[in-house]
Amino acid sequence: MLKTLSAASLTLLLAGAAAPAFAQSAYDWSGPYVGVFGGYTQPNDDDNETVLFDRNLDGNFGDTVVDAGGADIFARGFCGDQLSVLSANPAGPIRCDRDGSGVEGGAKVGWDWQMGNWVVGAVGELAAVSAEDSVTAFSNGPDAYSFTRKMEHMAALRLRAGYASGPGMFYVTGGPAYGKIHNSAFITNQVNSFTVLEDEDDADGWQFGGGVEWRLEKNFILNAEYIYSDLDTGDYVVRAGPGSAPADNPFLLGNALGTDMRRESDSFAQHHLRIGMNVRF
């Protein structure tokens with residue numbers, strides 16, 4: 001839904017900016033500016049994501065965790081990129097609750113250079129973000145193994161290239177980005193032991209998008225933009241150890257020390273729809 005609104009809103013805004021029929025801009029877009037912004041974020045859908053396992057602790061994930069009879073104990077399946085809830089009957093159907101949209105707010109500083117109607121520049125920004133995505137594996141036990149990562153804040157340094165016409169300018173933008181991630185796991189299994197259930201991680205990646213700016217007064221500018229970000233979160237691994245489990249426990253059959261597990265994707269991708277205000281100097 002957010003992606004559809006983002007595309008539609010950006011199309012209308014760009015059309016409005018282009019309306020003056022490419023007239024020579026009477027405004028000076030060169031120089032520094034500062035601004036604030038806020039908006040919504042939506043994690044990118046990845047319904048097919050699963051949880052991966054390393055049974056023999058050789059560092060290679062992709063093993064099938066089986067019981068003493070050779071049956072896959074995760075045959076019940078996975079809920080990809082969603083928070084997952086066991087039904088009232090734990091052995092019954094799996095119900096998945098899709099991750100909701102989040103919010104963000106931040107500040108930016110930038111500098112532009114104008115050449116005729118064309119404007120190029122750079123912008124740096126820092127934002128507090130409330131967004132998360134999850135994946136859950138369901139065992140035949142039955143138990144649930146949920147992995148959730150939350151974006152706490154993001155920083156980005158992007159280049160911009162735009163076309164100014166009258167009081168408006170539309171632009172495209174892109175560059176590197178950084179985020180702080182909080183990883184956590186919620187596991188209903190009370191037999192095995194589990195290590196590293198919470199972890200902080202740095203994430204590096206990139207952003208790209210576009211937007212429009214419209215002068216309300218000489219130095220006060222309304223800004224609206226759509227940004228797509230994709231950050232590499234690294235590996236967050238949880239080990240299912242012996243705990244009070246017997247030796248024939250499925251997590252111990254490959255290696256008596258246990259089985260490592262992690263989510264399949266290390267990409268945290270988001271759609272951002274923002275509204276802001278800039279002040280030029």
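## Exercises on strands, cavities and a pocket

Met-169 stands opposite Glu-213 in β11, and this pair of residues opens the first exercise on what is a predicted model.

**Exercise 1.** Starting from Met-169 and its place opposite Glu-213 in β11, determine which strands β11 is joined to and how many bridges make up each pairing.

*Solution.* Step one is to place the residue: Met-169 falls within strand β9, which covers residues 168-187, while Glu-213 falls within β11, which covers residues 198-215. Step two is to count the bridges between these two strands, which run antiparallel and are joined by 17 of them. A further pair from the same two strands is Asn-183, which stands opposite Asp-199 in β11. Step three is to turn to the other pairing, in which β11 is joined to strand β12, residues 220-232, by twelve bridges, again in antiparallel fashion. Phe-208 has Tyr-228 as its bridge partner in β12, and the link between β11 and β12 is a hairpin that passes through four residues.

**Exercise 2.** Describe the pairing of β8 with β9, and state which residue in the turn between them has a positive phi.

*Solution.* Begin with the pairing itself: 18 bridges join β8 to β9, and the two strands run antiparallel. One of the facing pairs consists of Tyr-163 and Phe-170, the latter being in β9. Then consider the connection, which is a hairpin with two residues between the strands, and in whose turn Gly-166 has a positive phi of about 60°.

**Exercise 3.** For the open sheet of four strands, give the strand order, and explain why one side of β2 and of β10 has no neighbour in the sheet.

*Solution.* The order is first written out as β2-β14-β13-β10, with antiparallel pairing. Reading from either end, β2 (51-54) and β10 (193-195) occupy the edges, and each has a single partner strand, so that one side of each is left without a neighbour in the sheet. From one strand to the next, the twist averages 25°. As a last step, the pairing at the β10 edge can be resolved to residues: β10 is joined by three bridges to β13 (residues 238-241), the two running antiparallel, and Ser-193 has Gly-241 as its bridge partner in β13.

**Exercise 4.** Locate Ser-244, decide whether Ser-244 is buried or exposed, and find which residues distant in sequence Ser-244 touches.

*Solution.* The location comes first: Ser-244 lies in the loop between β13 and α2 (250-253). The next step compares its relative accessibility with the cut-off for exposed residues, which is over 50%; at 60%, Ser-244 therefore counts as exposed. For the contacts, residues up to four places away in sequence are set aside, and what then remains is Gln-190 and Val-191. In the case of Val-191, the C-alpha to C-alpha distance to Ser-244 is 5.5 Å, although 53 residues separate the two in sequence.

**Exercise 5.** How many cavities of 30 Å³ or more does the structure hold, and which residue classes line them?

*Solution.* The count is two, and they can be treated in turn. The largest cavity contains about 80 Å³ of space, and its lining includes Arg-149, Asn-183, Asp-235, Arg-262, Arg-263 and Asp-266. By class, this lining comprises one nonpolar, four polar and five charged residues. Note that Asn-183, met in Exercise 1 opposite Asp-199, is one of the lining residues here. The second largest cavity contains about 30 Å³, and it is lined by Glu-125, Ala-127, Met-154, Ala-155, Ala-156, Gln-207 and Arg-274. Two elements, β7 (118-138) and β8 (144-165), each give two or more residues to this lining, and β8 gives the most, with three. The classes in this second lining are four nonpolar, one polar and two charged.

**Exercise 6.** Characterise the largest pocket by its volume, by the residues closest to its centre and by the classes of its lining.

*Solution.* The volume of the largest pocket is about 150 Å³. Its lining has 13 residues, of which Ser-139, Gly-141, Asp-143, Tyr-145 and Asn-189 are the closest to the centre. Sorted by class, the lining divides into five nonpolar, seven polar and one charged residue.

**Exercise 7.** Summarise the chain as a whole through its secondary structure, burial and contacts.

*Solution.* The secondary structure amounts to two helices and 15 strands. The chain has 281 residues, and 48% of them count as buried. Finally, when contacts between residues at least 6 apart in sequence are taken, 74% of these join residues at least 24 apart.

Technical notes:
Residues are numbered from 1 along each chain as its sequence is written. This is a predicted model: local features need pLDDT of at least 70, side-chain atom pairs count only at pLDDT 80 or more; totals for chains, interfaces and linings use all residues. Side-chain values use heavy atoms; hydrogens and water are left out. On a 1 Å grid over the protein atoms alone, a cavity is a set of points where a 1.4 Å probe fits but cannot get out, and a pocket is an open set with protein on both sides within 12 Å along at least five of seven lines; lining residues have an atom within 4 Å of a point. Grid points are joined across faces, edges and corners, and a volume is the space filled by probe spheres set on the points. Ala, Val, Leu, Ile, Met, Phe, Trp, Tyr, Cys and Pro count as nonpolar, Asp, Glu, Lys and Arg as charged, and the others, Gly among them, as polar. Two strands pair if DSSP finds at least two bridges between them. Axes are lines fitted to C-alpha atoms, for helices over the stretch in contact, and angles run from 0 to 180 degrees between N-to-C directions. Buried means under 20% relative accessible area, exposed over 50%, partly exposed in between (1.4 Å probe, protein chains only). Contact means heavy atoms within 4.5 Å.
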